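The following exercises are to be worked with the sequence and the coordinates at hand. Each task is followed by a solution in steps.

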Amino acid sequence: MNALKRLLAPRKQVKKKSLSQKRDRSELELLHSYRRALAKCGVDAPSLDLDNEFYWMFRLSGLIAQAHQKFDEINRKHFSKTLPRPKIIFCNRSTGGYYNKTRHTIGISLAMTVELGDSEFFETLLHEIAHIAEQSHSPRFYQILTSIGGKGKKAPMTILLQAKRERFIAEHYSVHVRCPHCNSEYRYRTRRALRYACRSCCIQYGNGKYDARFRLVLCSRDLQVTA
């Protein structure tokens, strides 16, 4: 009887995923987004001249054109033109970039390019081109990256990324404490941190055991806020 009920029950409607691809945003749209992100984090960067949209629109579009030329050169010289030509765009990442295998697209951080210039743009480009040939960060990946001129260094810290991290820490780790002995500062989620003692001082002066002399206290600026 239960089996019959299941057969006669109306089929559950399942929403089909849209097959349309997400539209890539233009350099100008990404520049506006980057400017808003800086403002949201309370960062003012007049030296970047972000209001000069005419300048940035042509400079960024010019870099994309150079990136395609660079890929063609590397593909011809190192891969005998066996790599399919990817789409190269800017993205809203705070630093670095990505290679999307499904869409065969290389995305490079606009924030990093604006703040740190052409050298970081092309270093990230080489990194992502190497990912076309090798997906993971395996030894083979670094061999390919080195052979095409990449340095293999970590993506740089940008003003935007630093501001986002500081904002996240302030919002989620609001208890700011310090050691009364060495003045090392720490951040915790709750005031339970005031029960803890400085680990390094306890190891150095307390034989590795809890020592009340090094019990953490609130930072003076936080005391003024809570007073």
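**Exercise 1. Determine which residues of helix α6 are buried and how they are arranged about its axis.**

Solution. The model is a predicted one.

Step 1. Helix α6 spans residues 139-147, and its buried residues are Phe141, Ile144 and Leu145.

Step 2. Viewed down the axis of α6, these buried residues fall within an arc of 100°, so they line one face of the helix. The spacing agrees with a general rule: an α-helix has 3.6 residues a turn, so residues three or four places apart point the same way.

Step 3. On the face of α6 turned away from the buried side are the exposed residues Pro139, Gln143 and Thr146.

Step 4. The packing partner of the buried residues of α6 is α5 (118-133).

Step 5. After α6 comes Gly149, which has a positive phi, near 105°.

**Exercise 2. Characterise Glu120 by its location, its accessibility and its contacts.**

Solution.

Step 1. Glu120 belongs to helix α5.

Step 2. The relative accessible area of Glu120 is 12%; because buried means under 20%, Glu120 is classed as buried.

Step 3. When neighbours within four places in sequence are left aside, Glu120 contacts Met112, Lys153 and Pro156.

**Exercise 3. Establish the strand order of the three-stranded open sheet and the placement of α5 on it.**

Solution.

Step 1. The order of the three strands is β1-β3-β2, and their pairing is mixed.

Step 2. β1 (87-91) and β2 (97-100) are the edge strands, each of them pairing on one side only. From one strand to the next, the twist averages 20°.

Step 3. Four bridges connect β2 with β3 (residues 105-109) in the antiparallel sense. Within β3, Ile106 is the bridge partner of Tyr99.

Step 4. Helix α5 lies across β1, β2 and β3, and runs at about 155° to β3.

**Exercise 4. Describe the pairing of β4 with β5 and the hairpin that they form.**

Solution.

Step 1. Strands β4 (residues 175-178) and β5 (residues 185-188) run antiparallel and are joined by four bridges.

Step 2. Val177 has its bridge partner in β5, namely Tyr186.

Step 3. The hairpin has six residues between the strands, and Asn183 in this hairpin adopts a positive phi near 65°.

**Exercise 5. Classify the aromatic pairs Tyr55 with Trp56 and Tyr205 with Phe214, and state the accessibility of each partner.**

Solution.

Step 1. A pair of aromatic rings is described by the distance of the centres and the angle of the planes. With ring centres required to lie within 6.5 Å, the count is eight aromatic pairs.

Step 2. For Tyr55 and Trp56, the centres are 5.0 Å apart and the planes are at 70°. Because planes over 60 degrees apart count as edge-to-face, this pair is edge-to-face. Tyr55 is partly exposed at 38% relative accessibility, whereas Trp56 is buried at 3%.

Step 3. For Tyr205 and Phe214, the centre-to-centre distance is 6.0 Å and the angle between the planes is 40°, which makes the pair tilted. Tyr205 is partly exposed, its relative accessible area being 43%, while Phe214 is buried at 2% relative accessibility.

**Exercise 6. Identify the cluster linked by ring pairs and the ring over which the charged end of Arg189 sits.**

Solution.

Step 1. Phe90, Phe121 and Phe122 are linked into a cluster by ring pairs.

Step 2. The charged end of Arg189 is placed over the ring of Tyr173, at 4.6 Å from the ring centre.

Definitions and conventions. Residues numbered from 1 in each chain as written. Predicted model: local features only at pLDDT ≥ 70, side-chain atom pairs only at ≥ 80, totals over all residues. Heavy atoms only, no water. Phe/Tyr/Trp six-rings, centres within 6.5 Å; stacked < 30°, edge-to-face > 60°. Buried < 20%, exposed > 50% of the residue type's maximum accessible area, 1.4 Å probe, protein only. Lys NZ or Arg CZ within 6 Å of the ring centre and 35° of its normal. Helix = DSSP H or I, 4+ residues; strand = E, 2+ residues; numbered from the N terminus. Arc of directions from axis to C-beta. Contact = heavy atoms within 4.5 Å. Pairing = 2+ DSSP bridges. Axes fitted to C-alpha atoms, helices over the stretch in contact; angles between N-to-C directions.
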